[in-house]
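Let's walk through this structure together, one packing arrangement at a time. Keep the 3D view open and turn it as you read.

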Amino acid sequence: MVQLHVKRGDESQFLFNTSTDAPLETVIQQVTAIYNGRLKVDRICSEIPELADHGVTLPPNMQGLTEEQIVELKLKDEWEERCIPSGGEVFRKDEIGRRNGHAPNDKMKDVLMRTVEEAKALICKKQVQANVCVTMEMVKEASDQLRGAVMIVYPMGLPPHDPIRMEFEEQEDLSGTQASLQVIAEDECQLWWAGKEMQRGKKLQDYIGKNEKTKLVVKIQKKGQGAPAREPLITEEQQKQMMMHYYRRQEELKKLEEADDDSYLDSEWSNRQALKRQFQGLTNIKWGPR
């Protein structure tokens, strides 16, 4: 199998296995699905700690308002009584006024946080260093784990306006957010290798040959952004090692230069004739007027 090391810019994303005979149209679809799926799991993982700390999201017309403003405007959260965490609730006020403050108890909070760590481990970038290829099944498993944990803690479900539920139901609205800049639509996705765009309609073997043991670094890019920067000749880690070696070599040379210093020969104790002169009473003789 051909192993693709997928990067966005200079940042590693994941490893992906395919074959040289695979159409690039299919490869791009699969790589894009995994890339966007990992982003979705990351977004859910970033919201669940907020859910664990401060409960479900308030309706959009109540977010950011003080208690006095809510009373004055006669607003009511209709989902507050429906979305009660199992095992009882603990009130933790959300200082930014985004969530209702009715948080799950510590046991249920631990369920959520532990599941977040497990889901992150499945699709994290460290899988590249471990030489583990990420598949769409792994991304789906991570998403299902998170969905299951939320259902355990909130068996009655989350409000329809809660971002976690919207992510699960594919109804998230990312417009105007930083996250929207990271997502790449499948029809806008490009793969680049060795400074060349890998064109749809061709096969992978048209670029790399038929060797199934090939490993290559490809860069995922949004259409219209131009060619990504090419890979450096040496990695950042190799550069650090080279600089450390150069520094150690400089220190060694400095010590050798200090060891070769012969200025000590001018010292009194290094004079071979000092004992003889002392017996003859010739020490401390000074020439010149007193």
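In this predicted model, helices α1 and α3 cross with a left-handed sense. The stretch called α3 covers residues 106–123, and its axis lies 10 Å from that of α1, at an angle of about 165°. Angles over 145 degrees count as roughly antiparallel, and α1 and α3 are therefore roughly antiparallel to each other. If you would like to find the contact on screen, look on the α1 side for Arg38, Val41, Asp42, Cys45, Ile48, Pro49, Leu51, Ala52 and Asp53. Facing them from α3 are Lys109, Leu112, Met113, Val116, Ala119, Lys120 and Ile123. Sorted by type, the residues where α1 meets α3 comprise 11 nonpolar and 5 charged ones, with no polar residue among them.

Now stay with α3 and look for another partner, helix α5, which spans residues 136–153. Here the axes come within 9 Å and cross at roughly 175°. By the cut-off of 145 degrees for roughly antiparallel, α3 and α5 are therefore roughly antiparallel to each other as well. On the α3 side, the contact includes Met108, Val111, Leu112, Thr115 and Val116, while α5 contributes residues including Met138, Val139, Glu141, Ala142 and Gln145. This contact of α3 with α5 divides into 15 nonpolar, 2 polar and 2 charged residues. Leu112 is worth a click, since this residue takes part in the contact with α1 and also in the one with α5.

Let's return to α1, which leads us to the sheet. Helix α1 (residues 24–54) lies across β1, β2, β5 and β7, and runs at about 135° to β2. What is the strand order of the open sheet? Its 5 strands follow the order β2-β1-β7-β5-β6, and their pairing is mixed. The edges are β2 (11–18) and β6 (196–197), each of which pairs on one side only.

Strand β1 is a good place to see the mixed pairing at work. On one side, 7 bridges join β1 to β2, and these two strands run antiparallel; Leu4, for example, has Phe16 in β2 as its bridge partner. The two strands form a hairpin with 2 residues between them, and Gly9 in the turn has a positive phi of about 70°. β1 (residues 2–8) is also joined by 5 bridges to β7 (residues 215–222), this time running parallel. In that pairing, Gln3 has Lys215 as its bridge partner, and His5 stands opposite Val217.

In a regular strand, side chains alternate between the two faces of the sheet. In β1, Val2, Leu4, Val6 and Arg8 point one way, whereas Gln3, His5 and Lys7 point the other way. Are these residues buried or exposed? They are all buried, so 7 of the 7 residues of β1 are buried and the strand is mostly covered.

Finally, look at Thr18, which sits in the edge strand β2. Why does Thr18 count as buried? Its relative accessible area is 6%, and buried means under 20%. Leaving aside residues up to four places away in sequence, Thr18 touches Met1, Val2, Leu4, Val27, Leu204 and Glu212. Two of these neighbours, Val2 and Leu4, are already familiar from β1, where they point one way from the strand.

Conventions
Residues numbered from 1 in each chain as written. Predicted model: local features only at pLDDT ≥ 70, side-chain atom pairs only at ≥ 80, totals over all residues. Heavy atoms only, no water. Pairing = 2+ DSSP bridges. Helix = DSSP H or I, 4+ residues; strand = E, 2+ residues; numbered from the N terminus. Contact = heavy atoms within 4.5 Å. Axes fitted to C-alpha atoms, helices over the stretch in contact; angles between N-to-C directions. Buried < 20%, exposed > 50% of the residue type's maximum accessible area, 1.4 Å probe, protein only. Parallel < 35°, antiparallel > 145°, perpendicular 65-115°, else oblique. Left-handed = near helix turned anticlockwise from the far one by under 90°. Nonpolar A, V, L, I, M, F, W, Y, C, P; charged D, E, K, R; others polar.
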